[in-house]
Protein chains: 2
Amino acid sequence: MDTVAIVPAMLPGMSRDPVPSGSTALLTDHYELTMLQAALADGTGDRASVFELFGRRLPSGRRYGVVAGVQRALDAIEAFRFTDEQVDFLRSEQIVDDRTADWLASYRFGGDVRGYPEGEIYFEHSPLLVVEGTFAEAVVLETVLLSIYNHDAAIASAASRMTWAAGERPCIEMGSRRTHEEAAVAAARAAYVAGFASTSNLEARRRYGVPTGGTSAHSFTLLHDTERDAFVSQVESLGAGTTLLVDTYDIAEAVRTGVEVAGPGLGAVRIDSGDLADLAHRVRAQLDDLGAKDTRIIVTSDLDEWAIAGLASAPVDGYGVGTRLVTGSGKPTCGLVYKLVARADDAGTMVPVAKKSADKASVGGRKTAHRRLDASGSATAEVVTLDGSPSDGRDLVVPLVSAGEVVGRESLDASRERHARARAELPIIARQLQPGDPVIPTEHPS
Amino acid sequence: MDTVAIVPAMLPGMSRDPVPSGSTALLTDHYELTMLQAALADGTGDRASVFELFGRRLPSGRRYGVVAGVQRALDAIEAFRFTDEQVDFLRSEQIVDDRTADWLASYRFGGDVRGYPEGEIYFEHSPLLVVEGTFAEAVVLETVLLSIYNHDAAIASAASRMTWAAGERPCIEMGSRRTHEEAAVAAARAAYVAGFASTSNLEARRRYGVPTGGTSAHSFTLLHDTERDAFVSQVESLGAGTTLLVDTYDIAEAVRTGVEVAGPGLGAVRIDSGDLADLAHRVRAQLDDLGAKDTRIIVTSDLDEWAIAGLASAPVDGYGVGTRLVTGSGKPTCGLVYKLVARADDAGTMVPVAKKSADKASVGGRKTAHRRLDASGSATAEVVTLDGSPSDGRDLVVPLVSAGEVVGRESLDASRERHARARAELPIIARQLQPGDPVIPTEHPS
């Protein structure tokens, strides 16, 4: 876990092959295209429309949420083009009629998108995205935008709790094997936005420039005739600064062997099982006795924010987090929705619209938001207003797409820094891990 | 939700573009390659090795698990090739040395894989995959194989509980928006294996031939000046057999309008909010009064297996399931691991190996498995044995890859049928939703 190479920050917009499938157009629910077909047929598809992406509430017990996936969403909008093969598929399978197929063949989003930038904190009813265009061009983006936001924000929201609990100690993302192989790449990226130091996922480094690290698994020790043979091989290949995994057989013996093999300059040892706090104390004492005072102790084994907090007083130098990170630490999705909030009438006048469904009512009108801060700079309220209302705080909504052109590119490090700043504004009670209400209230039109 | 087109089953091995990124090689943890580098340097990389993919236990409370992702894993093995650009990346970022980079450039898996076929049921310690080859060629597959199995089996295991609870009524997968956009495609596929009738996800249809359906969302109603306008438009575009969404404003009024517009041949109505059982009874009575006796009622709104079971006595004709399906209904990952269980020594003799870590001990040796059945054909035990032991039941392990060539291709419908057959073998208590122990015990070497 030691060879964390710091990769130069990718330039804004310079992610490599951000959309592995080339086109995002079919990462879409069937009903988006049937609605489209009917709206193109009756003429309402051309009505100017405003969609809003937001959550009615935070996942239960969470004090705040973290916006993530913004740059991936911009990638997805740019790649939302229907290839000839995709159009032929939709036509030949009679998913859409010819008129709709022709329309899709020349689709590109030409509207505007504003929203919260990546890494920002969000609360109930925060308008994370405001998408404006014709109904036809805006409705078809619903599924893929929600997929990206619901996943990435869930991971970042969990990651933020973990890195806050870890304080100055680094958190290392290593959950790729416990989630879908492409979700793993996005999870590594989202975790980095929320303060993780590095990931195990190589594609996240290639695609997004997230630093990676890793040394060895138990299989490497078992492959060799003795643990010593394995350690000798690893140190010869990776240097004495490497991290040796010491719990394949007997930990105390492995630590002794490791320092013998690598010398007191051994980089780190990793403990992946057992009572981590107790073991960390024992291993620390043993390492100090052996003169390896600078050898770090990395712990891994189903860690989450509570386990990290519980190890605060143990002599641990870094946390490897897997399963609980990639599954959102009990909240694997955010419940964000994408709702039509305004559309033109026949005269071209914009009309706020809202559904009245039980427990799922929405609030009409195009919105914006700001965060109200007290004199000390601490957040006191999330204020969602109808667009055009005066702001009495830090404005939260920025331009992301203008007339179809992406204008909201930024580097991953800029998002990461924004998250650190925005989190520092929260009342300190937000750091508590116990379930509770959102740490600040949301004022919104109703 | 009505226009479920039945797509002809794809021929075995004929998925379209199954690996969106072309190569799966970097969907890999950094440490696989550092281990590889050290093992190539010291010669142990050539040791014949056996890895086993299994779970030490089922997710807590689950009575059985469902194997899924097998065909995707075969796709991933075939696509596990390092492109020139990927090799250059690994070399230039000094993630691996030149010897390792050269080795990766010519990598292709040349070993054997056996395992449980897709749709099969599994239990604790079931050897889902047995991967044999050199250590070097087998270790690098770990991350992507685990990603696929841990995700797809989690979804299929949840889906199986839902379809069993639903009985003859169809379950419709519509969770794409609540999970990562590529995980959504895999989730739709896994749900179909476990008995779902269809999905909303268009890419799952294009890539894997999963049937899709969908009609309209609340935004379509809100787009129009009146609900009647929306219904007229939808019926004109999609026919009277369509499904009208009736809870945007007032349900009883929407049902009346819908039958007026479409006639008593209206295909279905969808209810997406409120007390679904109560509403289903009211709407059924209203539809019958209006002469629309064959109009079906589809319910959607955070359904899971418990909600489905709770609606068993309500006049419901189909269940749309979203969030709870794609998040594994509380168990978003399976905890499957990939462990070295045997490897050659210097003399070429295979040696069973196992780690002794607290709570994570593994069992050495190459294994196989069968399911013991009683005289009535009901399963009584999962029997894991060292390979070569006699079987007294239904053999569970089949060849999947032979000397690097995939030999285990089958159609998605074959997997789906296998799941139905295997589930029917379980003691009926397995259908109960309450948490419990695995429904049959696993006998395994220790």
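**Exercise 1. Edges of a four-stranded sheet**

Take His370(A): which residue stands opposite it in β16(A)? Then work out which strands stand at the edges of this sheet.

*Solution.* This is a predicted model, so treat each step as a reading of that model.

- Step 1. Opposite His370(A), in β16(A), you find Asp395(A).
- Step 2. Now zoom out to the strands: β14 of chain A (residues 367–373) is joined to β16(A) by two bridges, and the two run antiparallel.
- Step 3. Zoom out once more, and you have an open sheet of four strands in chain A, ordered β16-β14-β15-β19, with mixed pairing.
- Step 4. The edge strands are β16 (394–395) and β19 (442–443) of chain A; each has a single partner strand, so one side of each has no neighbour in the sheet.

**Exercise 2. Walking from β8 to β11 in chain A**

Start at strand β8 of chain A and follow the chain to β9(A): through which helix does the chain cross? Carry on to β11(A), noting the pairing as you go.

*Solution.* Take it one strand at a time.

- Step 1. β8(A), residues 243–245, pairs with β9(A) in the parallel sense, over three bridges. For a landmark, look at Thr243(A), whose bridge partner in β9(A) is Ala268(A). Between these two strands the chain passes through helix α11 of chain A (residues 251–262), in a right-handed β-α-β crossover.
- Step 2. Pause on β9(A), residues 268–271. Ala268(A) and Arg270(A) point one way, Val269(A) and Ile271(A) point the other way, and all are buried.
- Step 3. β9(A) also runs parallel to β10 of chain A (residues 296–300), with four bridges joining them. Ala268(A) turns up again here, standing opposite Arg296(A) in β10(A). The crossover from β9(A) to β10(A) goes through helix α12 of chain A (residues 276–289) and is right-handed.
- Step 4. Is β10(A) enclosed or open? Four of its five residues are buried, so β10(A) is largely enclosed by the rest of the structure.
- Step 5. On to β11 of chain A (residues 318–321), which pairs with β10(A) in the parallel sense over three bridges. Ile298(A) has Gly318(A) as its bridge partner in β11(A). The chain gets from β10(A) to β11(A) through helix α13 of chain A (residues 305–310), and this β-α-β crossover is right-handed.

**Exercise 3. One glycine in chain B**

Is Gly320(B) buried or exposed? Find out what it touches.

*Solution.* First place the residue, then check its surroundings.

- Step 1. Gly320(B) sits in strand β11 of chain B, residues 318–321.
- Step 2. Its relative accessibility is 2%, and the cut-off for buried is under 20%, so Gly320(B) counts as buried.
- Step 3. Leaving out residues up to four places away in sequence, Gly320(B) touches Ile172(B), Met174(B), Val299(B), Thr300(B), Ser301(B) and Leu303(B).
- Step 4. For a sense of distance, try Gly330(B): it is 10 residues from Gly320(B) in sequence, and the C-alpha atoms are 18 Å apart.

**Exercise 4. The seven-stranded sheet of chain B**

What is the strand order of the open sheet of seven strands in chain B? Add the helices that pack on it.

*Solution.*

- Step 1. Reading across, the order is β13-β12-β1-β5-β3-β17-β18 in chain B, with antiparallel pairing.
- Step 2. β13 (350–352) and β18 (405–406) of chain B are at the edges with a single partner strand each, so each has one side without a neighbour in the sheet.
- Step 3. Further in, β1 (residues 48–55) and β12 (residues 336–344) of chain B pair antiparallel over seven bridges, and Gly55(B) stands opposite Leu336(B) in β12(B).
- Step 4. Helix α2 of chain B (residues 70–78) packs on the sheet, touching β3 (112–115), β17 (398–402) and β18 of chain B, and its direction makes about 15 degrees with that of β17(B).
- Step 5. Helix α6 of chain B (residues 142–166) packs on the sheet too, touching β1, β5 (129–134) and β12 of chain B, at about 140 degrees to the direction of β12(B).

**Exercise 5. Two contacts**

How many residues does the contact take from chain A and from chain B? Do the domains of chain A as well.

*Solution.*

- Step 1. Chain A gives 99 residues and chain B gives 100. About 8,200 Å² is buried between the chains, 56% of it from carbon and sulfur atoms.
- Step 2. On the chain A side, Arg177(A), Leu202(A) and Leu223(A) lose the most area to chain B, together 10% of what that side buries.
- Step 3. Within chain A, domain 1 covers 30–140 + 335–443 and domain 2 covers 154–330. Their contact takes 22 residues from domain 1 and 25 residues from domain 2 of chain A.
- Step 4. These two domains of chain A bury about 2,100 Å² between them, and their C-alpha centres lie 37 Å apart.

Note on methods
Residues are numbered from 1 along each chain as its sequence is written. Chains are lettered from A and ligands numbered from 1 in the order in which they are written. This is a predicted model: local features need pLDDT of at least 70, side-chain atom pairs count only at pLDDT 80 or more; totals for chains, interfaces and linings use all residues. Side-chain values use heavy atoms; hydrogens and water are left out. Buried means under 20% relative accessible area, exposed over 50%, partly exposed in between (1.4 Å probe, protein chains only). Two strands pair if DSSP finds at least two bridges between them. A crossover is right-handed if, with the strands pointing away from the viewer, the path from the first strand over the helix to the second runs clockwise. Contact means heavy atoms within 4.5 Å. Axes are lines fitted to C-alpha atoms, for helices over the stretch in contact, and angles run from 0 to 180 degrees between N-to-C directions. Domain bounds come from an automatic or database domain assignment. Buried area is the accessible area (1.4 Å probe) that two parts lose on being put together, summed over both.
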